[in-house]
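Where are the disulfides of this protein, and what lines its largest cavity? The report below takes these two topics in turn.

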Amino acid sequence: MEAYNLLVLIVLGIIVAIAAEDVSTVDDAAIMKNQTEEIEDTDFNDMSNLTADQGNWTVGECIIVKMAAQLTLFPDKANANTTITLDIPVSATVSPQSSCLPADSNSTQLFTLEWSDPNPDDVGVLNRNLTLHFSLNQTSSSYGVSKISAVYEYKTYVIQVNTTVDTNQTILVNQTVLEYISMSTFAMSPWEFLVPENRSYLCMDVGSKSMISELHKSTEPGGSPGERLSNATLTAKRAQFDAFRSTSAPPNQFQLPSDCSYRPNDIVPIIVGCALAGMVLMVLIAYMVGRSRSRARGYMSV
């Protein structure tokens, strides 16, 4: 009886090991299937209230970004109902300030979009930009967005200022003042949109990120804090980020995506584990009962 129970335990242990390996294999296969299927635009039909079109931009061979994004600003501190909703245009261009390897760090890459809109108050244009700071954690071999910042030139107007033209004469001179809104998340901890190195981050709905917002004037002294406004928000959907690309990555193609919406199915492993635990318990009980009976027979023979 003892030999039989021991044999059952050994066989059961082998079954448990094989079952665990099979569950892991199935789960890994599901992950790979989920992350390697071709991504079509029709996979991202749920845009909710976001009206922006999806743009596609590259920085050299090191960064590829695809997203539909929107900025929401509150430029009037006295009237919180004054709202500006601005779609990031697909015509926005990658700024020369974008960089694969900034001089101050080899673990940060900058992605800056810039665009302009006509100035309704004057001739010329008002400039806007948006910057994503990608940072690499070399210890964990993962990267993410460590900071988001933006600048929105709000309006221009003319004021008159006293100007001394010579020692004894002061005249009024027209001066154009530019008001602009600076926005920033500052350094985020933990980083957002984390993904393993040599992979791309994919998300149908990134959500909204709040940014501290300040109103500045071109006439203010350098380094002035500006006027604090209500926080601005950046909303993004249909987003895919691919930074710190290796030289072996296919040109102009995203690396293997890691989908933010993917959640492993834990139901099957839990069911299998409970069933196996029950079998182990039953065998242990049978083993203990068998030992008890064997000892009882031994006592009776004595």
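The text covers the disulfides and then the enclosed space of a predicted model.

**Disulfides**

The structure contains two disulfides. Counting the bonded cysteines along the chain, the pattern is 1-2, 3-4.

| Pair | S to S distance | Angle about the S-S bond | Handedness |
|---|---|---|---|
| C62 and C100 | 1.9 Å | -85 degrees | left-handed |
| C203 and C260 | 1.9 Å | 70 degrees | right-handed |

In the pair of C62 and C100, C62 sits in the loop between β1 (55–59) and β2 (63–73), while C100 sits in the loop between β4 (93–94) and β5 (108–118), so this disulfide ties together parts 38 residues apart in sequence. C62 has a relative accessible area of 6% and is buried. C100, at 25%, is partly exposed.

The disulfide of C203 and C260 starts from strand β10, where C203 lies, and reaches the loop between β12 (257–259) and α2 (267–301), where C260 lies; the pair therefore ties together parts 57 residues apart in sequence. C203 is buried because its relative accessibility is 2%, under the 20% limit for that class. C260 is partly exposed, with a relative accessibility of 22%.

**Cavity**

There is one cavity of 30 Å³ or more. The volume of the largest cavity is about 70 Å³. Its lining consists of M67, L132, I148, F193, V206, G207, K209, L234, A236 and F241. Strands β10 (200–217) and β11 (227–242) are the elements that give two or more residues to this lining. By class, the lining of the largest cavity has eight nonpolar residues, one polar and one charged.

Technical notes
Residues are numbered from 1 along each chain as its sequence is written. This is a predicted model: local features need pLDDT of at least 70, side-chain atom pairs count only at pLDDT 80 or more; totals for chains, interfaces and linings use all residues. Side-chain values use heavy atoms; hydrogens and water are left out. On a 1 Å grid over the protein atoms alone, a cavity is a set of points where a 1.4 Å probe fits but cannot get out, and a pocket is an open set with protein on both sides within 12 Å along at least five of seven lines; lining residues have an atom within 4 Å of a point. Grid points are joined across faces, edges and corners, and a volume is the space filled by probe spheres set on the points. Helices (H or I, at least four residues) and strands (E, at least two) are DSSP runs, numbered from the N terminus. Ala, Val, Leu, Ile, Met, Phe, Trp, Tyr, Cys and Pro count as nonpolar, Asp, Glu, Lys and Arg as charged, and the others, Gly among them, as polar. A disulfide is a pair of cysteine sulfur atoms within 2.5 Å. Buried means under 20% relative accessible area, exposed over 50%, partly exposed in between (1.4 Å probe, protein chains only).
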